[in-house]
Amino acid sequence: MRSRTADWFETKIRYEKTMEDGMPKKVTESYCVDALSFTEAENVITEEMSSYISGEFEVSDIKKATYKEIFFSEADSDDRWYKAKLQFITIDEKTQKEKRSNVYYLVQAGSLPVAVNHIQEVMGTTLIDYVIASLAETQIMDVFEHRVVKPQVAEQPQE
């Protein structure tokens with residue numbers, strides 16, 4: 001497992017998809033992108049999807065994700081995305097009462113039990129007391145991380 005903290009945006013793409021029976025059907029698919037702004041998120045998803053979709057498509061929705069961190073799995077069988085709500089438990093020093101703060105994550109896994117295992121694997125390396133308050137499969141098809149494009153350096157002519 002690896003985790004990545006960033007500003008994530010959930011985007012929706014609407015396009016005409018050819019179904020298994022050969023008939024075209026309008027579909028809307030959700031994707032998550034790493035971006036600094038709504039404009040950048042639209043540019044990233046447009047660029048990423050233009051290589052997968054032949055024909056026209058539109059970005060029908062963009063919203064800021066409630067999570068800042070994503071747990072990525074290297075396993076091929078982990079092909080779904082789950083939204084996890086974890087509650088971090090702390091003790092208020094003055095009142096000695098338990099305080100819970102909610103933190104959201106996106107977890108890549110093949111099933112709900114695998115998602116729980118992945119959360120425990122990542123959180124087991126921390127000293128924070130937590131409970132998994134909720135865990136639900138999302139409609140997200142894929143996540144696109146920010147790629148650094150290295151500038152092309154022109155070769156200097158030899159004398």
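Trainee: How many helices and strands are there in the protein?

Mentor: The protein has 2 helices and 9 strands, where a helix is a DSSP run (H or I) of at least four residues and a strand a run (E) of at least two, numbered from the N terminus. Their order from the N terminus is β-β-β-α-β-β-β-β-α-β-β. This is a predicted model, so local features need pLDDT of at least 70 and side-chain atom pairs pLDDT 80 or more, while totals for chains, interfaces and linings use all residues. Residues are numbered from 1 along each chain as its sequence is written, and side-chain values use heavy atoms, without hydrogens and water.

Trainee: What makes E6 and E7 a pair?

Mentor: Two strands pair if DSSP finds at least two bridges between them. Strand E6 (residues 80–91) and E7 have 12 bridges in the antiparallel sense, so they meet the definition. One of the partnerships is Gln 87 with Asn 102 in E7. The two strands form a hairpin with 6 residues between them, and Gln 96 in the turn has a positive phi of about 60°.

Trainee: Which other strands of this sheet pair with E6 or E7?

Mentor: E6 also pairs with strand E8 (residues 129–137), antiparallel over 8 bridges, and Tyr 82 stands opposite Glu 137 in E8. On E7, strand E5 (residues 69–72) pairs in the parallel sense over 3 bridges, with Glu 69 partnered by Tyr 105.

Trainee: What is the strand order of the open sheet, and why are E1 and E8 called edges?

Mentor: The order of the 5 strands is E1-E5-E7-E6-E8, with mixed pairing. Strand E1 (2–5) and E8 each have a single partner strand, so one side of each is left without a neighbour in the sheet. Neighbouring strands are turned by 30° against each other on average, direction ignored. Helix H2 (residues 112–123) packs on the sheet and touches E5, E6, E7 and E8; its direction makes about 150° with that of E8, on a scale from 0 to 180 degrees between N-to-C directions of lines fitted to C-alpha atoms, for helices over the stretch in contact.

Trainee: Why is Gln 108 in E7 called buried?

Mentor: Buried means under 20% relative accessible area, exposed over 50%, and partly exposed in between (1.4 Å probe, protein chains only). Gln 108, found in strand E7 (residues 98–109), has 14% and is therefore buried.

Trainee: What does the side chain of Gln 108 reach at 3.0 Å, and what lies 3.1 Å from a polar atom of it?

Mentor: The side chain of Gln 108 reaches the backbone nitrogen of Ser 73 at 3.0 Å, and the backbone oxygen of Asp 78 lies 3.1 Å from a polar atom of that side chain. Beyond four places in sequence, the contacts of Gln 108 (heavy atoms within 4.5 Å) include Phe 71, Arg 80, Trp 81 and His 118.

Trainee: Why is Phe 88 called buried?

Mentor: Phe 88 lies in strand E6, and its relative accessible area is 12%, so it counts as buried. Residues touched by Phe 88 include Lys 99, Val 103, Tyr 105, Met 123 and Ile 128. The C-alpha atoms of Phe 88 and Lys 99, 11 residues apart along the chain, are separated by 8.1 Å.

Trainee: How do you know what radius of gyration a compact globule of 159 residues would have?

Mentor: The rule is 2.2 Å times the number of residues to the power 0.38, and the radius is taken over C-alpha atoms. That puts a compact globule of 159 residues near 15 Å, but the protein has 20 Å. Its C-alpha atoms fill a box of roughly 65 × 60 × 30 Å along the principal axes, and 33% of the 159 residues are buried.

Key. Polar contact = N/O pair within 3.5 Å; in protein donor to acceptor, adjacent residues only side chain to side chain.
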